[in-house]
Amino acid sequence: MAANVESPPIRASRPVPRRASRARKRRSAAPLRGLLPLAVLLGVWELVGLHGNSVFFPPPSQWISQTSSLVHDGSLFPAVRQTLVTFVLALIIATAIGTALGVLIGRSELLDRLLSPVLEYFRFLPGVALVPLAVLFMGYTQSMELYVVVFGAVWPVLLQARLAAREIDPVLEDVRRALHLSRAAAFFKITLPAVAPGIMLGVVIAAPLTLVLALVVEISTQVSGIGKLMETAQQNFLAAQVFGLIVIVGVIALVINIALSLISGWLFRYRPPGE
Amino acid sequence: MTAGAVTPGTEATSRPVARRQGRPGWRPRWPIGLIIPVVLVAAWQLAKSAGALPYANVPSPLQIWDSAVTLTGNGQLPGDFGHTLAACLLGWVIGSVIGAAAGTALGLSRAVWSYSMASVEVLRSIPAISFIPIAVIIFLQSLKMEIVIAAWVSIWPVAVSTMAGVGGVTSAHRDLAASLRMSWTARVTKLALPTALPKMLVALRLGLAGALVLAIVAEIVGNPHGVGYALVNAQQQAQPAEMFAYVLLTGAVGVALNALLSLAYRRLAPGFHLAETARRGHGR
Amino acid sequence: MSMSAARSAQSAQGAQSMPAAQPGDHAFSCSGLFVEYQLRTGPLRVLEDVAFSCAPGEFVSILGPSGTGKTTLLRILAGLLAPGRGSSVTFEGAPLTGPNEGVAIVFQDYRSSLLQWRTVRKNVALGLEGRVAAAERAERVDAALDLVGLSDRGNDYPWQLSGGMQQRVQIARALVMRPRVLLMDEPFGALDAMTKGQLQDELLRVREVTGATVVFVTHDVDEAVYLSDRVLVLSGSPARVTTELDVDLPSPRDQVATKEDPKYLRIRHSVYETLKGAHQ
């Protein structure tokens, strides 16, 4: 069936300019040698600190020694566990509520228009401003911390879910009707998977916010957690301990990022690589 | 098995158009979104006046208004907001400039990127709030401390987006720059930065939000001045009306800052604004 | 990769038995059809006084320039859109009130209408879930994939397939419902010329095997004439059926031989004349 067409001889393609290939490489992960400035900074800091006795900038070795005292007196691990539990619980609840409300609002033009100003207001209201309010009404309790963190974390998820629900391609409604899918079946088989990437984006935005809110509550109200340890260390002018706790918080944040990345990669394995 | 009735007037084309389902052409002529806040406030006031609201320490809207008026009159409210906004805006500007410079360097020089990007990733993933205790130890409880924290949190989004934006200069543009023999500064100002502008604008908005949050946090936690401290004070003195006044106003400030920024974007970069509104939904 | 005639004959004896329409029934029938939208600026008539009918087993093309309202007409036949008050559509003798199970639709934008998060098999199975037992479902999905030549791509995701293959998945999804009528909205519009030709021939073979009626919307004159038994030209604003042409070409069609047939050229010529006339 294929006709015997004379194809022109293939010319050797011009070599791709080096710049283009370099630009493409930039999108891959940062090379580890990028940690050099940080390592150098810590190294110099250590060397300088060994001679002087700076209250403000204690050398890294002191961080370890002063922070391990927290391990020895048994306060570090419970505090870390407390903050993490709050974080995970709050994020899960916020995701559930944000998804449910966001999809509901996004799919209904009436609700969307009705609630838009209210949503925009809460979007720009800094969640941290509500911490003292929560304390006033609920006291210095763990449940207060959960309420206020959930409230702050709900908005990014809700807004992204709403956006994603709005942008579901109208043809999918035609597909639903043409295939005679019930609304319930369509919700779980079409709507939710379609908004899932948007929700994930909302979660990725909400996660650092959730951690920050938890720390704010702990620092300002002495509810137990890493924040409380930091506040105590600061009040006692134990700068090295504060730095040590900063490192711990940083590691936790890194682990959270990696975890979210992995979850996202698994959930969206249907996507082409690079997206 | 036939499905239910067909919705009349459904959008005819099956080509993907970002229109919402529902009845097209049904567009209310007045902003119905204002109904809910008005109704809520009215219901709140009625419930309070009738004594129907069980919580004794939830103030009524009128009480909140009175409190706000009083605090404005004695200068406390404006003073506090002035302090917080000063810290937020100064920090934001400083941080954004540093971030833009760093981002340009990271975006334009492969060597710089290769030898520092990992450090940037590590530093920016640490929540800025955890640096507040150290900032308090170093700078003590002062406006300077707030500015430093606000600046720190603004650096990262701007740096990353500038880097990404600058890296988007196409090889075609680079060839153009070479053929026109543009100087290095010209390349940066006329090609790199304009290409990076859309992403930078988004990051600037994020940075501003972050700076406001961190300024308030710094005041709650570290520096007894400004809005954050006023909130804590109102909580400790059990003054719910005062607290609500501050909270509601803080939200309004957040909205206002964002609106001003949007306005600025519309003037300075009209194409960006059009792209944003187009992206947010044709149906509006 | 296109399917072989041998395989198609096998599948014909297998799971592809179609319930046949009663002789004498029109698959579709409507007249005086009109569609009007209420815009803020006033009413907009998209279709006016459209008369359409097609017999079971026929291949009818609806041809017209972009934006005329061909898709609107197809959506009415699909039961997705109600025509203006007073006019009505009948399907197999009964009035059409919504999407009918005997009718399957293939949409133009395969990227949006396929579920990107499902594998090919699960995409095809979508309409059968909850309705047909798993074993029978798997059998029918296999048969449909076989019919479009994608048996070995069942576990891939849509992004791994080319445009032509994705459109074939959509066709399989339609076929697995065992429709008596296949409605297609410019299904090959987004594909390159060579893939288009391949898919056209596959469509003709699928129709031969299944005996389905096909209503095919396109703006491509050659495609319309090549594929159909009858061509309806829709043009004007509001759109009407300006011409109806019988395409009396021998079957099976061939991309080279048929297009060199003088009858083909004549029919093609008259279609172009009609379109040119409508523009003046």
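In this predicted model, Val216(A) touches five residues that include both chain A and chain B: Val128(A), Val131(A), Ile129(B), Val217(B) and Ile220(B), leaving aside residues up to four places away in sequence. Val216(A) also ranks among the residues with the most contacts inside the largest nonpolar core. That core has 219 residues. Ile149(B), Ala150(B), Leu214(B), Val217(B) and Ala172(C) share this ranking. H8(B) gives the most to the core, with 18 residues. In soluble globular proteins, nonpolar side chains tend to be buried together.

Helix H8 of chain B spans residues 184-221. The helix has 38 residues, yet its end C-alpha atoms are only 45 Å apart. A straight helix would reach 56 Å at 1.5 Å a residue. A bend of about 55° is found at Leu197(B). A proline, Pro198(B), follows within four residues.

The contact between chains A and B takes 66 residues from chain A and 61 residues from chain B. On the chain B side, the elements that give two or more residues are helix H1 (35-49), helix H4 (110-125), helix H5 (132-139), helix H7 (171-179), H8, helix H9 (226-236) and helix H10 (240-268). H4(B) gives the most, with eleven residues. By residue class, this side divides into 38 nonpolar, 17 polar and six charged.

H9(B) is mostly covered, with nine of its eleven residues buried. These are Gly226(B), Val227(B), Gly228(B), Tyr229(B), Ala230(B), Leu231(B), Val232(B), Ala234(B) and Gln235(B). Their packing partners lie in two chains. In chain A they are helix H6 (130-138) and helix H9 (183-221). In chain B they are helix H3 (76-108), H8 and H10. After H9(B) comes Ala238(B), whose phi is positive, near 50°.

The secondary structure of chain B comes to eleven helices and zero strands. Chain A likewise has eleven helices and zero strands. Of the 284 residues of chain B, 40% count as buried. For chain A, 40% of 275 residues count as buried. Contacts between residues at least 6 apart in sequence were then examined by separation. In chain B, 74% of them join residues at least 24 apart. In chain A, the corresponding share is 73%.

Chain C contains strands. Strands of a sheet pair through backbone hydrogen bonds, either parallel or antiparallel. An open sheet of four strands in chain C has the order S2-S1-S4-S5, with antiparallel pairing. Strand S2 (42-54) and strand S5 (94-95) are its edge strands, each pairing on one side only. Nine bridges join strand S1 (residues 28-39) to S2(C). Within this antiparallel pair, Leu33(C) has Val50(C) as its bridge partner.

Parallel pairing links a further set of strands in chain C. Strand S7 (residues 181-185) is mostly covered, and five of its five residues are buried. Val181(C), Leu183(C) and Asp185(C) point one way from S7(C), while Leu182(C) and Met184(C) point the other way. S7(C) pairs with strand S6 (residues 103-106) in the parallel sense over four bridges. Here Ile105(C) stands opposite Leu183(C). S7(C) also pairs with strand S8 (residues 213-218), in the parallel sense over five bridges. In this pairing Met184(C) stands opposite Phe216(C).

Strand S3 (residues 59-63) of chain C is also mostly covered, with five of its five residues buried. Phe59(C), Ser61(C) and Leu63(C) lie on one side, and Val60(C) and Ile62(C) on the other. Both faces of S3(C) are covered. S3(C) and S8(C) pair in the parallel sense over five bridges. Phe216(C) in S8(C) is the bridge partner of Ser61(C). S3(C) pairs in the parallel sense with strand S9 (residues 230-235) too, over four bridges. In S9(C), Leu232(C) is the bridge partner of Ile62(C).

Definitions and conventions:
Residues numbered from 1 in each chain as written. Chains lettered and ligands numbered in written order. Predicted model: local features only at pLDDT ≥ 70, side-chain atom pairs only at ≥ 80, totals over all residues. Expected span 1.5 Å × (residues − 1). Bend = angle between axes of the 7 residues up to and from the residue. Contact = placed C-beta atoms within 7 Å. Nonpolar A, V, L, I, M, F, W, Y, C, P; charged D, E, K, R; others polar. Core = buried A, V, L, I, M, F, W, Y, C linked by C-beta atoms within 7 Å. Buried ≥ 20, exposed ≤ 12 C-beta atoms within 10 Å, placed from the backbone. Pairing = 2+ DSSP bridges.
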